[in-house]
Amino acid sequence: ILESPDGSRDAQVIGSIVDYRYAPDDPQGALDVLAAESTRIISLTITEGGYRDPDGPAFALITEALARRRDRGIAAPTILSCDNIESNGEIARRVVLANAERRDPALAEWVAEHSRFPNSMVDRITPATTLEMAAAVRRDFGVNDRWPVVAESFAAWVIEDDFADGRPPLEQAGVLLVDDVAPYELMKLRLLNAGHQCLAYFAHLCGFKFVHEAAGDPLFAELLLAYFESEAIPTLPAVPGIDLHDYTRTLVERFSNPAVRDTVPRLCAYTSDRIPKWLIPVICDNLASDGPVRVAAAVVASWARYAEGTDEWGTPYEVVDQLADSLIPIARSQYENPTAFIEIAALFGDLAHQPRFVQAYLWALDSLHHKGARATLEALVR
């Protein structure tokens, strides 16, 4: 179901998914499909955290399938990552080759020579499916779909045109095929994805449950535009065919779409996989070029405050993050040691030793502790 900001809806049954194998229950069946001669593209959507463990089950399956293809004389496939990480194809290539090298150096050589790993960028806001969404589909469309996908009407898919064994006419489906995905990739990661992080923790601390409610608040719209215009856009290269200022104004409209009903907790989850990849590079670029970092530093401070696990009224909430067990006590220690959170070098590098960043961060954190999230935002953007 596609939900437009004007309230119109478009429902469609996706007919291209004709079969599936659930690898945890049927690993052999999944391998048979991955290793089949008819399978020419293996696409990946395993989220940012899926690349944290290069020995994870997804990459183990792919490596085994590649070995079987080589042994049977079947052409190497294109492995197409669609995940929200910079240079996703290059990273997928490194992980697959590392797995193949450990298994058999000759396999790694074969994969390196014959497989292709194009970079890609996918731009569409798609919240997690809920029971309410399924009920709405039954009520409004008479379809009993237990896992409907609800998304905004906006969509952009950019792929590096580098395939191992041919490709379908993707351009006929609106895909933009280019020689270099990097400008589009950086635009999306540093604007849409980092923009979500700018919104998330302040919104949570202010009591918002839905993204559209926060983005529709003029104060939060000012926050987003301040980040986009003063800190993010100056770090981006030109993007062919796209006006970055228009794109950011469109983002505020997209975030404000009430029909999508994206949730603030979804944006707050797994931050240790997100902010280091999407926002910290913006901060580092601006520090290097003497650009502003005040808004982004405040966003990092809002994460540190959120990671304490209690809201401004003392009510506890769950911090969903694979590092939660270590992050929460560190965040709670920052009343005594205000830089404790940003001293986590694995997440922040040397930012705790960058005076311009630290000054802006400490101002925001102190304000969050003593004045609250909304007052901090008002002082930040007005």
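This note walks through the predicted model, from the whole chain down to single residues.

1. **Overall size.** The chain has 382 residues, and a compact globule of that length would have a radius of gyration near 21 Å. The chain has 22 Å, which agrees. Along the principal axes, the C-alpha atoms fill a box of roughly 65 × 50 × 40 Å.

2. **Make-up and surface.** Count the elements in the chain and you get 17 helices and 8 strands. Buried residues account for 49% of the 382 residues. The exposed area is about 17800 Å². Carbon and sulfur atoms supply 53% of that area.

3. **Contacts across the sequence.** Take the contacts between residues at least 6 apart in sequence. Of these, 73% join residues at least 24 apart. Asn88 and Pro118 give a pair to look at: they are 30 residues apart along the chain, and their C-alpha atoms are separated by 8.1 Å. Asn88 is also in contact with Pro118.

4. **The largest nonpolar core.** In soluble globular proteins, nonpolar side chains tend to be buried together. Here the largest nonpolar core holds 85 residues. Which members touch the most others? They are Leu191, Ile283, Trp303, Phe341, Phe348, Phe357 and Tyr361. Helix α6 gives the largest share of this core, 14 residues. A second core is separate and has 25 residues, including Leu31, Leu66, Ile79 and Leu97.

5. **A close look at Phe348.** Set aside residues up to four places away in sequence. Phe348 then touches Ile280, Val300, Trp303, Phe341 and Ile342. Two of these names, Trp303 and Phe341, also appear in the list of residues that touch the most other core members.

6. **An open sheet.** Three strands form an open sheet in the order β2-β1-β6, with mixed pairing. The edge strands are β2 (9-10) and β6 (151-152). Each has a single partner strand, so one side of each is left without a neighbour in the sheet. Strand β1 (residues 2-3) runs parallel to β6, and 2 bridges join them. Glu3 has Glu152 in β6 as its bridge partner.

7. **Pairings of β7.** Strand β7 (residues 156-160) runs antiparallel to β5, and 4 bridges join the two. Val122 has Trp157 in β7 as its bridge partner. Strand β7 also pairs with β8 (residues 176-178). This pairing is parallel and has 3 bridges. In it, Ile159 stands opposite Leu177 of β8.

8. **Helix α3: length.** Does the length of this helix fit its residue count, or miss it? Helix α3 (residues 88-103) has 16 residues, which at 1.5 Å a residue should span 22 Å. Its end C-alpha atoms are 23 Å apart, which agrees.

9. **Helix α3: cover.** Which residues of α3 are buried? They are Asn88, Gly89, Ala92, Val95, Val96, Leu97, Asn99 and Ala100. The cover over them includes strands β3 (41-44), β4 (78-81) and β5 (120-123). It also includes helices α2 (57-72), α4 (105-114) and α6 (182-205). One of the buried residues, Leu97, belongs to the second core.

10. **Two asparagines in α3.** Asn88 lies in this helix, and so does Asn99. Is Asn88 buried or exposed? Asn88 is buried, with a relative accessible area of 0%. Leaving aside neighbours within four places in sequence, Asn88 is in contact with Ser81, Cys82, Asp83, Pro118, Asn119, Ser120 and Glu185. Asn99 has a relative accessible area of 10%, which means that Asn99 is buried too, as the cut-off is under 20%. On the same terms, Asn99 is in contact with Pro54, Asp55, Phe59 and Thr63.

11. **Two residues with positive phi.** Check Arg261 and Asp290 in the model. Arg261 has a positive phi of about 55 degrees, although it is not a glycine. Arg261 sits in the loop between α9 (244-255) and α10 (264-268). Its relative accessible area is 43%, so Arg261 is partly exposed. Asp290 has a positive phi near 65 degrees, and it too is a residue other than glycine. Asp290 lies in the loop between α12 (280-288) and α13 (294-306). With a relative accessible area of 62%, Asp290 is exposed.

Technical notes
Residues numbered from 1 in each chain as written. Predicted model: local features only at pLDDT ≥ 70, side-chain atom pairs only at ≥ 80, totals over all residues. Heavy atoms only, no water. Pairing = 2+ DSSP bridges. Expected span 1.5 Å × (residues − 1). Buried < 20%, exposed > 50% of the residue type's maximum accessible area, 1.4 Å probe, protein only. Contact = heavy atoms within 4.5 Å. Rg over C-alpha atoms; globule rule 2.2 N^0.38 Å. Areas by Shrake-Rupley, 256 points an atom, 1.4 Å probe, with all protein chains shown as cover. Core = buried A, V, L, I, M, F, W, Y, C linked by side-chain atoms within 4.5 Å.
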